[in-house]
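Let's take a look at the aromatic rings in this protein and see who pairs up with whom. Keep the picture open while you read.

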Amino acid sequence: MKKWLCAAFAALMGTAAVLPMAACGDGDGRIQVKIGMWPDNTQTADVAMYEEWEAQFEADYSQYDIVADRYDYSADTITAKATAGQLPTVFQTYFTEPQKLISNGWIADITDQLTELGWLDKMDPSMREAVSADGRCYGVPRDGYGLGLFLNLSMLYDVGVIDKDSDGNYVLHDENGEPLYPTTFEEIEEVSRLIVDSYDNTYGLVVLSANGNGGWQFSNMAWNFGCEAMQIENSDGSWTANLNDQGAVDALTWIQEMANEGLIYPDASLSYNDWYAKIGSDNVAMAFCGSDALTLPVTTFNFNKDDIAFVPMPTGDGESRYSLYGGTPYVFAANATDEEIMGALLFLKYMGRSPETDEVSVTAMERGHQTAQSKGMPIIPTIKAWVNEDYLEVAEALEQQYMNVNYYYYEDFFDSIDTMKRSEEPNNCQDMYKLLDTALQNVISRPGTANPQALLDTANGQFQRNYLDKL
């Protein structure tokens, strides 16, 4: 009866399209805002933090009801969830995905709400571009990342790659300031050989090859071996696949040689969950990962945060040095009402994920650092989503206040990321990555017989026919 009365009233007023219909739903009549990035129940400290934010938000905005509706974004599930209208009000995805989500009509245009809040022009411009189309904005960036090389400092010290000073701190540079850690793929191979010779059942590097994660990292490797681009735009606006560029072939050949010598972890089905499992279990000494994921070996496998260094991506050809630059945006379900979207945006403020610097926002940012600190997570600088000076001043001061690691172990990465960062390839990235996964799986599982050139020729042809030709 309540639903019928609301609908009838809306029809009589001629405003059915704009009324907050969620407020007329079941329960206590509040507007439900479903939060897709709600932590898993096993993450008790994070759940407690979110519940605090929920209580504070609902006390200030009594018309809203925050609802946990966890959704881990997947290219395999998004179609079904979106077409069935079952997406949470707000959820996380990757920066490769918004253009597809926008073109399919699965996420909402939030430009007006962002303008009303005064947030639109405070976003990092490159991140805003990733979530925009035709001058309209469809998301809010959470943070950014750059790919780099994770080092187990204890292992590298044991095999003589790095040293320690009189205070017991690891030394990563020689007397001339040159890095002692690997800066080339050839040096990764040399260090891997030392690791394999010094430890039982331990490998130099973990190489991913499943769930598109392998292809994602491989594209960065291909750039650093000299591949200028894996997708080439033509003068008429069409696109040509370039997955079999000589730089990509050289990168895949390097992986094949590493596998053939037993220097990488011998599993052709590893995804992003596995790099920190292998690092955390001391199965490997090095891994490629994003700067936003450095806490995972610590929180999941009790890895010693003081044995972590994160350094720039290596070069393969001696000249090319790029760091694939991406991040995580929050996006909003297309069937969410304006009121639900505004509620979700305001809740981001209570999470400390807005450009605001009022008491609510700063308290939320502090709460995030305190939770990380309680879990023993490494607290280091992050790549910020917002560029307004007042926000940057507060955020950077809090990072300095709560930092619990030796920043020297991260300094080279953060000093170089602005000159090395490069956005992901422009079209159908997740599909491209999966095709590259197949090539990686072949060279890892049968390194003695696989043909890198032929494998990439096949992937290139499939990507051209099935995706680029259909743009």
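A residue counts as buried when its relative accessible area is under 20%. Keep that cut-off in mind, and remember that this is a predicted model.

So how many aromatic pairs does the structure hold? There are 31 of them. Take tyrosine 73 and tyrosine 94: their planes sit at 85 degrees with the ring centres 5.6 Å apart, so this pair is edge-to-face. The two come from distant parts of the chain, 21 residues apart. Tyrosine 73 is in the loop between β2 (64-68) and α3 (78-83), while tyrosine 94 is in the loop between β3 (90-92) and α4 (98-103).

Is tyrosine 73 buried or exposed? Its relative accessible area is 8%, so tyrosine 73 is buried. Tyrosine 94, at 38%, counts as partly exposed.

Now for another pair, phenylalanine 310 and phenylalanine 413. Their planes are at 55 degrees, so the pair is tilted. Phenylalanine 310 belongs to strand β13 (residues 308-312) and phenylalanine 413 to helix α16 (residues 411-420), so parts 103 residues apart in sequence get tied together. Both of these phenylalanines, 310 and 413, are buried.

Here are the two pairs side by side:

| Pair | Centre distance | Plane angle |
|---|---|---|
| Tyrosine 73 and tyrosine 94 | 5.6 Å | 85 degrees |
| Phenylalanine 310 and phenylalanine 413 | 4.6 Å | 55 degrees |

Rings can gather in groups, too: one aromatic cluster includes Tyr145, Trp216 and Phe303.

Finally, look for charges over rings. Lysine 421 has its charged end over the ring of tyrosine 325, 4.5 Å from the centre. Arginine 422 lies over the face of tyrosine 322, with 4.9 Å to the ring centre.

How values were computed
Residues are numbered from 1 along each chain as its sequence is written. This is a predicted model: local features need pLDDT of at least 70, side-chain atom pairs count only at pLDDT 80 or more; totals for chains, interfaces and linings use all residues. Side-chain values use heavy atoms; hydrogens and water are left out. Rings of Phe, Tyr and Trp (its six-membered ring) pair if their centres lie within 6.5 Å; planes under 30 degrees apart count as stacked, over 60 as edge-to-face and the rest as tilted. Helices (H or I, at least four residues) and strands (E, at least two) are DSSP runs, numbered from the N terminus. Buried means under 20% relative accessible area, exposed over 50%, partly exposed in between (1.4 Å probe, protein chains only). A charge sits over a ring if NZ of Lys or CZ of Arg is within 6 Å of the ring centre and within 35 degrees of the ring normal.
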